[in-house]
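Welcome, and thank you for joining this tour. Please have your viewer ready, and we will go from one selection to the next.

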Amino acid sequence: MPFDLLPPLLGGAVVTLALTFTSAGLALILALGAGLGRLSRWRAVRTVAAVYVEVFRGSSLLVQLFYFFFVLPLIGVRLPPFATGVLALSLNIGAYGSEIVRAAVQSVDPGQREAAIALNMPTGLALRRIILPQAFVAMLPPFGNLLVELLKSTSLVSLITLTELSFAGRQLVQQQGRVSEVYLLVLLLYLLMAYPLTRGMRLVERWMARRVGVGAGS
Amino acid sequence: MRFDLDYAAEITPLLLRATITTFEATIGGMALGLIVGLLIAIVRFAAPPPIARLAGIYVEFVRSTPLLIQLFFLFYVLPRYGVSTTPLVTGILALGLHYSSYTAEVYRAGIRGVPTGQWEAAIALNFSPSRTWTRIILPQAIPPIIPPLGNYLVAMFKDTPLLATITVSELLGTALSEAGRTYRYFEPLTIVGLIFLLLSYPSAILIKRLERRLATEHCSVAGRGARVQG
């Protein structure tokens, strides 16, 4: 095994994980905001959410990334590559996530909402205590898939000069050649990060389903 | 900074021409992805267990690793083993192999959806395995999965800009080299984003409509079946 290649790659992998989790947090907030926004009773909110979602789902992530990287400085917004990457990734993944949120909220039994209305619960409280916890159980499996998609997508940020795993790999190739070894190792490291993410999400799914007391489908 | 319409008009024909390369990559990649995915799905069902498991590992591996690195791997490693092709072909190969891991899972769901009775009837009628697959199973497995396959087609279309990194002059690559020449990024990148949006948004709507139609058709077919049985 080419162990001498590992230290720089592991350093890159740490940045990849930081990028993944920071973007995941922001994307979750955006997904909840846009997903609930599309179900809002106000037309303006629905429109804004729909435009955001369709623009970011409809065009390519790499184009969005380059757009932020090249066009933001032109309007005087200078961000370091890490922040640019987080911005593009979370806006893109958040748009996909919002569709999951929307579908999950709509899948909650209408009787639950009606019961909340019958009990004279304010809308916000009903959303927080009744609708979202049940919807969240339905959101978790697709969120798990999206998290792996996000992890893979962070590799694109290497193209705007951030030294994460893919960039570290490219640097090693430039310094030492050894193309097949380096890229195989990079691929393996991504696999090693994706696997625990998938497993971890399964655990969270089961834990949430138990806590809320509903099966993932019901 | 303002959007220079004259400059935009000047580069639009160039970018529209580059869209053809983007289409070539998408269509080639999808054709490969559909064929390889189907083969993997059939292997996972019909091959002896060790080979089926190997196909499963392939799917997991390809799905869990980034397309960008797979692209670099093929681009830099293939020539070392004497396989020299154009960057576009390498790109199509990477797109097709990457998406084959997704389409394989879709096919699998479709094949699972075929009622067991259909397999049993094929055995009862002494059909050969190849005839069972081509005449009985696949014609029933594929129509319901056309919408998810369509979604992957759109997803692949949006992944084609990655090919710019291996020197393919598709939409993004052309826009970036044009921008690098004039130092004006705003107009080319905006147009590229708009072209993607204008093409993928209607396709997504079309697929959703198809999905709804298939769902109602499926119900009516099931209803008819029930009536025949009654």
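Start by selecting chain B and following the chain from the N terminus: the elements run α-α-α-α-α-α-α-α-α. Keep in mind as you look that this is a predicted model. In all, chain B has nine helices and zero strands. Its radius of gyration is 22 Å, well over the 17 Å that the globule rule gives for 230 residues, so chain B is more spread out than a compact globule.

**Stop 1: the whole of chain B**

Turn chain B along its principal axes, and its C-alpha atoms fill a box of roughly 70 × 45 × 25 Å. Now switch on a surface. Chain B exposes about 12100 Å², and carbon and sulfur atoms supply 66% of that area. Of the 230 residues in chain B, 43% are buried.

If you can display contacts, try that next. Among the contacts in chain B with a separation of 6 or more, 79% are between residues 24 or more positions apart. Then colour by charge: chain B has 19 positive and 13 negative charges, and the mean positions of these two groups are 12 Å apart.

**Stop 2: the whole of chain A**

Hide chain B for a moment and select chain A. How many helices and strands does chain A have? There are eight helices and zero strands, and read along the sequence the pattern is α-α-α-α-α-α-α-α.

Along the principal axes, the C-alpha atoms of chain A fill a box of roughly 70 × 45 × 20 Å. The surface of chain A comes to about 10600 Å² of exposed area, with 66% of it supplied by carbon and sulfur atoms. Buried residues account for 48% of the 218 residues here.

Contacts and charges can be shown for this chain too. Residues 24 or more positions apart make up 77% of the chain A contacts with a separation of 6 or more. The 18 positive and 9 negative charges of chain A have mean positions 8 Å apart.

**Stop 3: a serine inside chain A**

Stay with chain A and select A:Ser98, which you will find in helix H4 (residues 81-107). Is this residue buried or exposed? A:Ser98 has a relative accessibility of 0%, so it counts as buried. To see what is around it, add A:Ala31, A:Ala34, A:Gly35 and A:Val53 to your selection: A:Ser98 touches these four, leaving aside residues up to four places away in sequence.

**Stop 4: two loops with a positive phi**

Here is a little background for this stop. Most residues other than glycine have a negative phi.

Select A:Thr161, in the loop between helix H6 (123-153) and helix H7 (165-176) of chain A. The phi of A:Thr161 is near 70°, a positive value in a residue other than glycine. With a relative accessible area of 46%, A:Thr161 is partly exposed.

Next, move along to A:Arg178, in the loop between H7 and helix H8 (179-212) of chain A. A:Arg178 also has a positive phi, near 45°, and is a residue other than glycine. Its relative accessible area is 26%, so A:Arg178 is partly exposed.

**Stop 5: aromatic rings**

Bring chain B back and show the side chains of the aromatic residues. Over all chains, the structure holds 17 aromatic pairs. Zoom in on A:Phe70 and B:Tyr185: their ring centres are 3.8 Å apart and their planes lie at 5°, so this pair is stacked. The pair crosses between chains, with A:Phe70 in helix H3 (residues 61-74) of chain A and B:Tyr185 in the loop between helix H8 (171-182) and helix H9 (186-229) of chain B. B:Tyr185 is buried, at a relative accessible area of 17%.

For another arrangement, select B:Phe75 and B:Tyr76. Their ring centres are 5.1 Å apart with planes at 80°, so the pair is edge-to-face. B:Phe75 counts as partly exposed at 21% relative accessibility, and B:Tyr76 counts as partly exposed at 34%.

Before you leave, go back to A:Phe70 and B:Tyr185 and add A:Phe66 and A:Phe69. Which residues do ring pairs link into a cluster here? The cluster is made up of A:Phe66, A:Phe69, A:Phe70 and B:Tyr185.

Conventions: Residues are numbered from 1 along each chain as its sequence is written. Chains are lettered from A and ligands numbered from 1 in the order in which they are written. Side-chain values use heavy atoms; hydrogens and water are left out. Helices (H or I, at least four residues) and strands (E, at least two) are DSSP runs, numbered from the N terminus. The radius of gyration is taken over C-alpha atoms; the globule rule is 2.2 Å times the number of residues to the power 0.38. Buried means under 20% relative accessible area, exposed over 50%, partly exposed in between (1.4 Å probe, protein chains only). Contact means heavy atoms within 4.5 Å. Accessible areas come from the Shrake-Rupley method with a 1.4 Å probe; for residues, only the protein chains shown count as cover. Lys and Arg count as positive and Asp and Glu as negative; His and the chain ends are not counted. The place of a charge is taken as NZ of Lys, CZ of Arg, CG of Asp or CD of Glu. Rings of Phe, Tyr and Trp (its six-membered ring) pair if their centres lie within 6.5 Å; planes under 30 degrees apart count as stacked, over 60 as edge-to-face and the rest as tilted.
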